[in-house]
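Welcome! Please take a look at the structure below before reading on. The notes after it are meant as a quick orientation.

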Amino acid sequence: MTASIQLERKPEVQYLLRIGDTALILAQRLGEWCGHAPVLEEDIALTNVALDLVGQSRALLTHAGVLEGAGHDEDQLAFLRDERDYFNATIAELPRGDFAFTILRNLIVATWAKLLWERLQSSSDAEVSAIAGKAVKEARYHQQHAADWVVRLADGTAESRRRIDVALAEIWRFTAELFDSDAVDTAAHAAGLGPRFADLREPWLAEMSAVFDEAGLGLPKDSAFRSTGTRGVHSEHLGFILAEMQHLQRAYPGGAW
Amino acid sequence: MVSADVASGSRVDAAWRVLATVLDPEVPAVSVCELGIVRDVIDHNDVLEIVLTPTYSGCPATEVIEHDILQAIDAAGLGPARATLRRAPAWTTDWISAEGKRKLLAYGIVPPGPALDAAVPIRFFPRSAKTVALACPRCGSHDTERLAAFGSTACKATWRCRACREPFEHFKPI
């Protein structure tokens, strides 16, 4: 087995990994739907979204490696970091659940990501700005796809409505973490690298409300619960994802095809 | 190898002519030039640089395209060459040439309309509402409907025609 790499926790590196890891781990979860989605078209749609997310995360991890300056490339960062050095938001690592849960999570994350990419287009870092210019267009399609489905499920049968209600009650408490600000994003904001996550909350709520109004869903109450994945402290689910995702590179170091 | 009598300008021109014959591996009806992903060809004397802009962040064809391009340049005796990636400005379907769009349609893929501004908020189409329907690339009927937002590749959506009963794809504006 290959030993883990040690990450130097520079704020700018951690900032990019919060975004890149969220994309990577959500992509891994969406990939689980391959061969299992309710209909073939949605099987393909979920894996297509996953593919975009993998591409975005590859670009961000590569650049995070450059900023870290320790010679780590995208593969080393993806496959040789320990759980505590992963900074994805916890919401991305939650088990895939049913189709309602998956599609609602996609809406929550895609809306957050679209607003984030919009702002990252004017990053002081030219590479981040270039990555954002492409990713914002993809995130918009992801958001549209998920929003259409949330409306359709909420406004569908009693069973589809029940499932979206259950999903919403389960997932909402994990949304607060997406807008937690600390020294990492405050430093990124001061350096012009990107926005503070707290500043995304208001526009995110406005766009979520628009979808929920259309769907006839109410915004749930906020809870005091705080997940902490963006600080490297994860739910019990991430370890299992990493075990599966990292197995080949750990067992066969440098393996490629 | 570059023959000594090939001047720099003509090497670049020759490279463009070769690139115009390299087809996209996933939509083999159009060339990589017609798709607008070849942004520049630069002669550095020792090496020819082909500048590419990827279509989607995760497009799995990007590496195949790079390989195909370098192989074609090499086969034409214009090498050595290398491919470099230029992310900004981001690729848009507006860069697909008019000829490329015509070929897409003939291939059975409805070409993209003008690219959407990412800042435009998302819209909802109630299933009952009449939405703007694409013309079927086979029979021309507007009695069509979208089946799914994605298709055989991330860049396309899946549609069907109710008149001729055939499925078809739409290259999404992005």
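What follows is a short tour of chain B, from its contact with chain A to its sheet. Please keep in mind that this is a predicted model. Chain B has two assigned domains, and three topics are covered here.

**Contact between the chains**
- Chain A contributes 29 residues to the contact, and chain B contributes 21.
- On the side of chain B that touches chain A, 16 residues are nonpolar, 4 are polar and 1 is charged.

**Domains of chain B**
- Domain 1 of chain B covers 8-91, while domain 2 of chain B covers 98-171.
- The C-alpha centres of domain 1 and domain 2 of chain B are 28 Å apart.
- Where these two domains of chain B meet, domain 1 supplies 8 residues and domain 2 supplies 9 residues.
- The side of domain 1 of chain B that touches domain 2 of chain B is made up of 5 nonpolar, 1 polar and 2 charged residues.

**The sheet and its helix**
- In chain B, 3 strands make an open sheet with mixed pairing, ordered β1-β2-β3.
- β1 (38-43) and β3 (81-85) of chain B each have a single partner strand because they stand at the edges, so one side of each lacks a neighbour in the sheet.
- From one strand to the next, the twist averages 20°.
- Strand β2 (residues 48-52) of chain B runs parallel to β3(B), and 5 bridges join the two.
- I50(B) has A83(B) in β3(B) as its bridge partner.
- Across β2 and β3 of chain B lies helix α3 (residues 61-75) of chain B, at about 155° to β3(B).

Key
Residues numbered from 1 in each chain as written. Chains lettered and ligands numbered in written order. Predicted model: local features only at pLDDT ≥ 70, side-chain atom pairs only at ≥ 80, totals over all residues. Contact = placed C-beta atoms within 7 Å. Nonpolar A, V, L, I, M, F, W, Y, C, P; charged D, E, K, R; others polar. Domains from an automatic or database assignment. Pairing = 2+ DSSP bridges. Helix = DSSP H or I, 4+ residues; strand = E, 2+ residues; numbered from the N terminus. Axes fitted to C-alpha atoms, helices over the stretch in contact; angles between N-to-C directions.
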